[in-house]
Amino acid sequence: MTLSLIILYVLTLLYLSIAERFRNHTTILAVQGLLLFGIAIARLHEFHPVEMTVIIIETLVFKAIVIPAILMTVIHRTKINRIHSSSTQFGALVMSIIALIASCTITYYMADERTDMIFFGVALYALLSGLILIVMRKRIFAHLVGFLVIENGVFLFSMAIGVELPMLINLAIMLDILISILILGTFLSRVDNDIHTDESDALTSIKD
Amino acid sequence: MLTYIIVSLLIAIAPLASRSERMTNLIATLFALVQVASVALLFVFDRFDMALLTIFRTDTLAVVFHVLMIAVLIFSLIHSSSYLRAEKVTTRSYNAYYTLLMLLALSITCVYYSYNLAMTWVFLELTTICSAGIIYHREFEQSLEATWKYIFVCSTGIAMAYLGILLLSTVAVEGTLDYAALKSVISEGNPLYLKLAFLLIVIGYSCKMEVFPLYTVGVDANYAAPAPASAFISTALVNAGFVSIMRIYTLYASSEVFAWARNVLILIGILSLAVGAMFLRRTNNYKRFLSYSTVENMGIVAIGMGIGGVALWAAVFHVMCHTFIKSSMFYHVGVMRHVYDSYSINRIGNYMNINRIGAIGIVVGTLLLLAFPPSPLFVTEVMLFSEIASQGRWWLLILMVVLMCVVLYAIWSRSLRLNYHSNQDELHLSEVNRRLSYSASVLLLIAVAVGIWQPDMLKDIIDSIVNLQ
């Protein structure tokens, strides 16, 4: 069960590297939220109501519903549709596959007996995928998606190394991330309104 | 602690309901009084080195930097009022600015007192959110760009730091991320994980401490924010980054990778010093100029931490004194902007004849920044150099001296240009507020006093901070 969910998660990352429309990016993020919920539930050894609630809030509510809803609102408001036309999908796919191979190799050498190798590898791949999105895409909306992919990777990473933080800290971290995304979404809309651009190349007026 | 947080939070958001600037000023005064009272109560009831709410601790490091923050906050609140009035902002905007400044002060205080690895991260991320509103306050195109970059880079950097925290937490017993608990078990950690964790955390927190590699967002933030807020960001927030890294540094002192971690800090320090030296020569904006000076000074601090021993003592003292000097310089530059309505280095000049007290303040501040005696930075840099020499790292000493010569030339030539060169083109000079110049100079006087005489109490305080046991 967990393995199939993890394989699906890898497929979403691969698809994300070639997806052109931002609506698809948002849908993939929602699907990732659902998959993370499934993975977290499958890894629960026994039923804890409190732990279960935290997982539901963090994955189902935040990652699968609230954050995609914020992104959809930004898409509606800014009317941005797709990634830059000059971006090549083939190049992005090749980069993504290289990242996957690199993640597997690094995991093989790094993971110790306390670490779940599959989770570790996929988490690393998610982090690299997020960074690739930020570096290769020109539109700042894609950067926001890249940041969220990194956040999902961090969530997987915490499962890979079996860290169980106290609930209060988990909630504080979740709130922090949610507020950051809300603010990023708001400022993305403002950049679009005031500077009339949604490309990072245009954000270069501050320099020495 | 909970009472302090709730009271401060309520006061901080009170300006949102205020209908006048006068009322907001009163609320801000009350906020400053609560901060002073909170530290005074620690002294009165002798609540030092106590755990509070399981995630906070009133250790020396936290209390000292809280006191420094309060000092800067009081001046920032005073200067902000004049600055915003001169800008003719609306009452709503005035209130929002004060709310954000007080919330930023509160979140920075929580970073100082936080004694839990994950909660330090949470509060640092909170500082990003509060700073964003202040950076955007002037609402011009470049402030929007600076704000976007600041939130995005800080959030991504801090996400990386969180990854490091997760790696570090593999050594934690029952998920306890208390610094003291982690310190007792860190020696059992996987060295590769510990190295990676240190690297990720330091890179993530570098956006707050304004050192290489994520220093750029801090420079942009200081450039876009109102000058009194820049003074606060460039000192109190930078100190929050320093305190966070200092806690990790103390934690790693018990691990087998400590020597490696110190080398990383030396490398970060050299690169920051080099970047500072290079851009101090290139930039054409006084606020960016002061920000690069912060990058340079924090680079020196990182080198001090990397060298260890007496140099670590010097690094802590350097941060404390830098707080007074740099905040004062930002306030002076804020007054200068009232006069010229510009920060442009190439355009403005003749300040000595326009505002003598402000110009003298800038000259004295420059000399203190350049570590001329009786600057306290002279004391710290002599200590640092002597420790480097005693360890036989001559290459580092030579490299630092060369880079600092470039810094000296860049800073001194810009200071002379501002004070004695004529204006390059026609400027619409406005009235000078000399009272603000006098008040900004008070911080310089404190720095000079500490440079001349370091009381035993101060030495004991720093000794207790640098005690890595």
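Helix 3 of chain B passes helix 10 of chain B in a left-handed crossing, meaning that the near helix is turned anticlockwise from the far one by less than a right angle. This is a predicted model: local features need pLDDT of at least 70, side-chain atom pairs count only at pLDDT 80 or more, and totals for chains, interfaces and linings use all residues. Residues are numbered from 1 along each chain as its sequence is written, while chains are lettered from A and ligands numbered from 1 in the order in which they are written.

The axes of these two helices, residues 60–87 and 227–252 of chain B, come within 8 Å and cross at roughly 165°. That makes helix 3 of chain B roughly antiparallel to helix 10 of chain B (an angle over 145 degrees). Phe65(B) and Tyr83(B) are among the helix 3 residues that meet helix 10. Contact puts C-beta atoms, placed from the backbone, within 7 Å.

The table sorts two sets of contact residues by class.

| Set | Nonpolar | Polar | Charged |
|---|---|---|---|
| Helix 3 with helix 10, chain B | 15 residues | five residues | no residues |
| Side of chain A that touches chain B | 20 residues | four residues | eight residues |

Between the chains, 32 residues of chain A are in contact with 35 residues of chain B. Helix 7 of chain A gives the most to its side, with 13 residues.

Helix 18 of chain B holds buried residues, including Leu436(B) and Gly451(B). Buried means 20 or more other C-beta atoms within 10 Å of the residue's own. Their cover includes helix 3 and helix 13 of chain B.

How values were computed. Axes are lines fitted to C-alpha atoms, for helices over the stretch in contact, and angles run from 0 to 180 degrees between N-to-C directions. Helices (H or I, at least four residues) and strands (E, at least two) are DSSP runs, numbered from the N terminus. Angles under 35 degrees count as roughly parallel, over 145 as roughly antiparallel, 65 to 115 as roughly perpendicular and the rest as oblique. Two residues are in contact if their C-beta atoms, placed from the backbone, lie within 7 Å. Ala, Val, Leu, Ile, Met, Phe, Trp, Tyr, Cys and Pro count as nonpolar, Asp, Glu, Lys and Arg as charged, and the others, Gly among them, as polar. A residue is buried if 20 or more other C-beta atoms lie within 10 Å of its own, exposed if 12 or fewer, and partly exposed in between; C-beta atoms are placed from the backbone.
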